[in-house]
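Me: I would like to go through a sheet and a pocket, and ask what each term rests on. Here is the model.

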Amino acid sequence: MSYATKFNRSGNKFTFKQGENVNYVSLEDIFNMSEDKIYPVKALYINKKSLYGDSPCIVINEDTTVNLPKHLTETVIEMINDEECVNAINNGEVKFLVYRYYEPNYKRNCYSIDWL
């Protein structure tokens, strides 16, 4: 691969294929199922059809996609455009852990992830 291939933006870069009936879940949903579970990253994408603008997503299995918070949009875009990261995801080497934090500005619990 040449240096310039990292600027290619077309096509799906991930080898994992998701099924027909996909369930979208929030980070809060999967956090509440298990606070310390580590989830695989099978693929990443940006949902361009979200009501709230571009929304990052993680495919974790054949029928489940996790909606990520808006603040991770740029990170997911960078990951999708990084050949080394895409290869690591395709090889099953990338995972994530959900954590909860209190946001005083909104006076509520919020959720984000640590990449593993």
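The exchange below takes the sheet and then the pocket.

Reply: This is a predicted model, in which local features need pLDDT of at least 70, side-chain atom pairs count only at pLDDT 80 or more, and totals for chains, interfaces and linings use all residues. Residues are numbered from 1 along each chain as its sequence is written, and side-chain values use heavy atoms, with hydrogens and water left out.

Me: What makes β6 and β7 a pair?

Reply: Two strands (DSSP runs of E, at least two residues, numbered from the N terminus) pair if DSSP finds at least two bridges between them. Eight bridges join β6, residues 95–103, to β7, so the definition is met. The two run antiparallel, and Glu103 stands opposite Arg108 in β7.

Me: Why are β2 and β7 called edges of the sheet?

Reply: The order in this open sheet of three strands is β2-β6-β7, with antiparallel pairing. β2 (38–40) and β7 (108–115) each have a single partner strand, so one side of each is left without a neighbour in the sheet.

Me: What makes the lining of the largest pocket partly nonpolar, and which element gives the most to it?

Reply: Ala, Val, Leu, Ile, Met, Phe, Trp, Tyr, Cys and Pro count as nonpolar, Asp, Glu, Lys and Arg as charged, and the others, Gly among them, as polar. The lining of the largest pocket divides into eight nonpolar, seven polar and four charged residues. β7 gives the most, with four residues.
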